[in-house]
Structures are given as C-alpha cells and as structure tokens.
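Here's a walk through the charged pairs and the hidden empty space of one protein. Have the sequence and the 3D view open side by side as you read.

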Amino acid sequence: MNLADMLTYADIGQLTAIAGRYRCECKQNSKHDLIQSILIMLGSRSFMESHIRECAPEDLRFLNTLLFDERCYFSLEDLLAVARQASFDTPEGKTGGFREMVSRFKSAGWLFSGSSQQTRYLFQVPKDLKERFRETMSAHIKDKVTVSSEPAMYRNEGELLLSDLVMLLRYIKENEPELNQEGAMYRRYQQGLMNALHIPEDLLSKGGWRFGYGRACEHYPPRLALLYDYVRHRRWITEEGFRLRLTATGEAVLADGKCDSLMQIFSFWLKLYKGAVPNLPSLVYWVSISAGNWVSVPSLVDGIGWLIKPFYYDNAASILEQRIIRMMVHLGMLKLGETTAGLTVMMTPWGMGIAVPKHL
C-alpha cells in the first residue's frame, strides 16, 4: 500500500505524532486535515532530500535494509534486528536503543501497523515512500562518486566464468585430484587447474584468516572458490575417498557442454556471501546506479562504503573492492580499467540488467 492508504488506516494517535514530528499546521482533532498535511509534507521532493541529508548513517542504513527486503510485513523482532545491524558503528546508548529507533520511524511515518486482524501486530513501509527514498538516495550516493576518464585498456570477462566452470569439471574428470586432510586439492593440482583456466589467480599463501565467503574460500582464491562451491552445491562433484571426482550428474553436464547461466551463479553468489555481507543485493544495486559511466573505485568506497558493516578483519573498503567489485568483474557485470588516478569501473549492459532486484 502507498502512504495515503496507510494514513487512512492509522489511528489518530499516530497521525498526531507524525504531524507533530514535522510541525504540520493543521487541526489536530481532524483526521482528514492531519492526513492531508502529512501527505503534502512527506510528498515533497525537498522533504526527502533534506531527510536524507539530515539522517544519521544508522538511520539511512535502517531504511536501506527495509527498502531492499522482499518481505511486505515485518515483526517487531525483525525490525529490532535490522536496527541492531544498522547501528554497528554507533556507540551503545547513543541512539537510545533499538526499540527507540523503531518507535522513531513509526512516528516519522515510515512504519505502519497492518490493517487486518492477521497483520495488526506487523509493520510495513509505504510503497511510494520506498520508491522516492530510492530515487533520492541514488542522487545522494552519485554526488559522492567521481566520474573518471575512459581507460586506454580495460578488462571485461564477459561469460568467461561459465567457460571456466566447464574447464573445472573437465580438469576434475581428467585428473581426479587428490585431496589433503583439510579436504583441499594439493597445490600441484591447484596450479595445474590455474594453468588451464582463462582467468588464473594466485594461489593462497599460508597463514591469514579465511572464512565467511563460502566453504571453499579457506582453500582457494575467490573466483575459483565461487566456482568450486557452486559445482559442489549443484552436486556435480564428490569428495569421497580423498579424491575429487565428477558425479553422474556432473558427467552428464560436461558431456552436454552446457552449464548453468551466469544469472544462476550470480544468485548463488548473493546467497553464499549473505552471512558476511547481509545487504549485498543493495550494494550491488548502488554500484550499478553509480557506475553507469567510468567511475573511480576509491570514490565508490566513499559513496557506498558507509553502508557496509566490517566483517572481522575485512573493513568496508576491502569488502567493497575485493569481495564485491572484483566478483562483479568475474561475473561479467563490471568492466575494470586503470587510469593515472587509479582503478576505475563501469557496468556492462548485462550487469545493469540483473543488478536491480526483481521486487523493486
């Protein structure tokens, strides 16, 4: 439902609170006047622009999460979890607590209780407010991103990830690599595989922490780890007996020569990284909005990095640059180049087509 519909169902107590929050001049005892004055205030372009400028980062992260969530209704527990996630860099007690944050958004006209018996204890966000927030937030983020010159040379991996998926299956079929006690291919096999792939990566060095980005990330570099986790998820490989072999399904896929689409691998990547980067779909969207032309990677960090919660030893910059932008390059969504000012990226047409979640 849109804001006008939700205001109609709201009780006069919430309407009075909203009108008081925005200092609307109207008859406090007239529900019609309250609704009309709130609609005029919240419907103006200047309101949304000033709201985003004045909002604290944790408030914007709270709204951003609700914007990209596929659910229509949220329980109070859901909202408290979102508020906690959004306040990762806020000193405890500064915002008055997570319940206070939820109450603040209710009195601001962003959250409304459901109108039916089944949804009366649930909350929803007006659809039209979501759309206006997304449009204004786009301009807010793009203002911080620097357009760069087109690099003399750039890298566009296109569908090479699919080609290397087939290459991975072929290498396993032909070599049946041995696995060590940790369940990883011995380094000689990893190097042999890298020599066969279109996009090789440096093998992991010893030491350092590696977890949170799929099971294979502790053994293999990011691109190969994604491919490996994907073929295991699809049950095309088996790791029994310290040997890596194809399953019957894997054999059939290799014989057919046709693997899944990049869209399927992209969807798998979103789920695989969800634990470490819960708001990954929104970050992919904001990258796509910002990088319609060539833009500098450092400015993307400035424009979007504040939305990212650090994950153990990964800070916001490394998550955006290494875990998101680099993987979007591997998925054929971004072109990557370099100028005298540093790294620069630009969305591909295919990347632009899949970066917007279907429910938006």
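Start with Arg-188, which pairs up with Glu-178 in a salt bridge whose closest N and O atoms sit 2.9 Å apart. Keep in mind as you look that this is a predicted model. The two partners are 10 residues apart in the chain: Arg-188 belongs to helix 10 (residues 187–196), while Glu-178 lies in the loop between helix 9 (160–175) and helix 10. How exposed or buried is each partner? Arg-188 counts as exposed because its relative accessibility is 54%, and the cut-off for exposed is over 50%. Glu-178, at 27% relative accessible area, is partly exposed.

That pair is part of a bigger tally, since the structure holds 17 salt bridges in total. The general idea is simple: side chains of opposite charge can pair when their charged atoms come close.

Next, find Glu-157 and Arg-155. Their side chains meet in a salt bridge too, with 2.5 Å from N to O. Here Glu-157 is buried, with a relative accessibility of just 3%, whereas Arg-155 is partly exposed at 33%. These two don't stand alone, either: Arg-155 and Glu-157 are linked with Asp-164 and Arg-223 in a network of salt bridges.

Now swing over to Asp-89 and Arg-61, where the salt bridge comes in at 2.4 Å, N to O. This one ties together distant parts of the chain, with the partners 28 residues apart: Arg-61 is in helix 5, and Asp-89 is in the loop between helix 6 and helix 7 (98–107). Arg-61 is buried, so you'll find little of it at the surface, its relative accessible area being 4%. Asp-89 has 47% relative accessibility and counts as partly exposed.

Stay at Arg-61, as it leads to the next topic: it is one of the residues lining the largest cavity. Rolling a probe the size of a water molecule over the atoms shows where empty space is left. Across the whole structure, a search turns up 3 cavities of 30 Å³ or more, and the largest has a volume of about 90 Å³. Along with Arg-61, its lining includes Asn-64, Thr-65, Val-82, Gln-85, Ala-86 and Phe-88, plus Pro-278, Asn-279, Leu-307 and Lys-309 from further along the numbering. The elements that give two or more residues to this lining are helix 5 (57–68) and helix 6 (76–86). What kinds of residue make up the lining? There are 5 nonpolar, 4 polar and 2 charged residues around the largest cavity.

Definitions and conventions. Residues are numbered from 1 along each chain as its sequence is written. This is a predicted model: local features need pLDDT of at least 70, side-chain atom pairs count only at pLDDT 80 or more; totals for chains, interfaces and linings use all residues. Side-chain values use heavy atoms; hydrogens and water are left out. On a 1 Å grid over the protein atoms alone, a cavity is a set of points where a 1.4 Å probe fits but cannot get out, and a pocket is an open set with protein on both sides within 12 Å along at least five of seven lines; lining residues have an atom within 4 Å of a point. Grid points are joined across faces, edges and corners, and a volume is the space filled by probe spheres set on the points. Helices (H or I, at least four residues) and strands (E, at least two) are DSSP runs, numbered from the N terminus. Ala, Val, Leu, Ile, Met, Phe, Trp, Tyr, Cys and Pro count as nonpolar, Asp, Glu, Lys and Arg as charged, and the others, Gly among them, as polar. A salt bridge is a side-chain nitrogen of Lys or Arg within 4 Å of a carboxyl oxygen of Asp or Glu. Buried means under 20% relative accessible area, exposed over 50%, partly exposed in between (1.4 Å probe, protein chains only).
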